[in-house]
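This briefing introduces a protein structure to a reader who has not seen it before. Please look over the sequence and the model below before reading on.

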Amino acid sequence: MAEKHPIRGVLAELDSPAALLTAARRVREAGYREFDCHSPFPIHGMDDAMGLRRSPLGWVVGGAAMLGVGSAILLQWWTSTVDYRFLISGKPYFSFQAYVPVTFGFGVLFAALAAGLGMLHFNRLPRLHHAVFSSERFRKVSDDGFFVSIEVGDRLFDADRTADFLRSIGATHVELLSD
């Protein structure tokens, strides 16, 4: 007896980038929020069509860089003026010119770590499996396939109505996704 897998979403294939762009706009206008568009290359205007906001990653990276700079200055100030006072050639204990290389290095290090970890967080990675990977047709996405997927977690999701809606906006092939 075949085991029945739960439905995870609906995948619709479209025939061109323009059709995918139009479909993304119509899916968003219909009120769906848990959907994604898949294409072999970036499509200009897709972010606006999907209603995506600007990524907060830049703010995270900038904040981390400032934290790194502040940490470096604080560390160098504390070690040279409080913890281990050492007079070198009559220069003041807090000589900020000597701190620039380490401060720059800390800023870059903190920013790079924040960029890497922030990218993983905002993209919800690592994701080892997604329902679209179970589709044989989805393998075309890295070559010449254009797809819209709507996940079961969307408040408007109904397998039959969502599939009919995707057909009505020009999908050439629609299938239900399961694990």
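In which helix do D164 and R167 both lie, and how many residues apart are they? Both belong to helix α5 (residues 159–168), where they are 3 residues apart, about one turn of the helix. The structure is a predicted model, and the points below take up its salt bridges, aromatic rings, largest pocket, a nonpolar surface patch and some backbone features.

**Salt bridges**

- The structure has a count of 5 salt bridges.
- One of them joins E13 to K140, with the closest N and O atoms 2.5 Å apart.
- Because E13 is in strand β1 (residues 7–14) and K140 is in the loop between α4 and β3 (146–151), this pair ties together parts that are 127 residues apart in sequence.
- The two partners are covered to unlike degrees: E13 is buried, with a relative accessible area of 5%, whereas K140 is partly exposed at 31%.
- The contact also belongs to a network of salt bridges, in which E13, R137 and K140 are linked.
- Within helix α5, D164 and R167 form a salt bridge whose closest N and O atoms are 3.0 Å apart.
- D164 is partly exposed, with a relative accessible area of 48%, and R167 is likewise partly exposed, at 45%.
- A further salt bridge brings together the side chains of R161 and D158, at 3.8 Å from N to O.
- In that pair, R161 counts as exposed at 62% relative accessibility, while D158 counts as partly exposed at 28%.

**Aromatic rings**

- Across the whole structure, a search finds 7 aromatic pairs.
- In one of these, the ring centres of F133 and F138 are 6.4 Å apart and the ring planes meet at 50°, so the pair is classed as tilted.
- The angle leads to that class because planes under 30 degrees apart would count as stacked and planes over 60 as edge-to-face.
- F138 counts as buried, its relative accessibility being 9%.
- Together with F147, the residues F133 and F138 form one aromatic cluster.

**The largest pocket**

- The volume of the largest pocket is about 1400 Å³.
- Its lining consists of 29 residues, and those that lie nearest its centre are D36, L52, F122, N123 and R124.
- Three elements give two or more residues to this lining: β2 (35–38), α2 (46–50) and α4 (100–122).
- Of the elements, β2 gives the most to the lining, with 4 residues.

**A nonpolar surface patch**

- I73, L74, W77, W78, V82, F94 and F96 make up a nonpolar surface patch of about 680 Å².
- One of these residues, V82, is found in helix α3 (residues 57–83).
- V82 is partly exposed, with a relative accessible area of 44%.
- This value allows V82 a place in the patch, because patch residues must have over 30% relative accessible area.

**Backbone features**

- Most residues other than glycine have a negative phi, and most peptide bonds are trans.
- Against that background, S89 has a positive phi of about 55° although it is not a glycine.
- S89 is placed in the loop between α3 and α4, and it counts as exposed at 69% relative accessibility.
- R124 also has a positive phi of about 55° without being a glycine.
- The loop between α4 and β3 holds R124, which is exposed, with a relative accessible area of 58%.
- R124 is also among the residues that lie nearest the centre of the largest pocket.
- A cis peptide bond, with omega of about 0°, joins L125 and P126.
- P126 has its place in the loop between α4 and β3.

Technical notes
Residues numbered from 1 in each chain as written. Predicted model: local features only at pLDDT ≥ 70, side-chain atom pairs only at ≥ 80, totals over all residues. Heavy atoms only, no water. Patch = residues over 30% accessible without salt bridge, like charges linked within 9 Å, V, L, I, M, F, W, Y side chains within 5 Å. Areas by Shrake-Rupley, 256 points an atom, 1.4 Å probe, with all protein chains shown as cover. Salt bridge = Lys/Arg side-chain N within 4 Å of Asp/Glu carboxyl O. Buried < 20%, exposed > 50% of the residue type's maximum accessible area, 1.4 Å probe, protein only. Phe/Tyr/Trp six-rings, centres within 6.5 Å; stacked < 30°, edge-to-face > 60°. 1 Å grid on protein atoms, 1.4 Å probe; cavity = no way out; pocket = protein on both sides within 12 Å on 5 of 7 lines; lining within 4 Å. Points joined across faces, edges and corners; volume = space filled by probe spheres on them.
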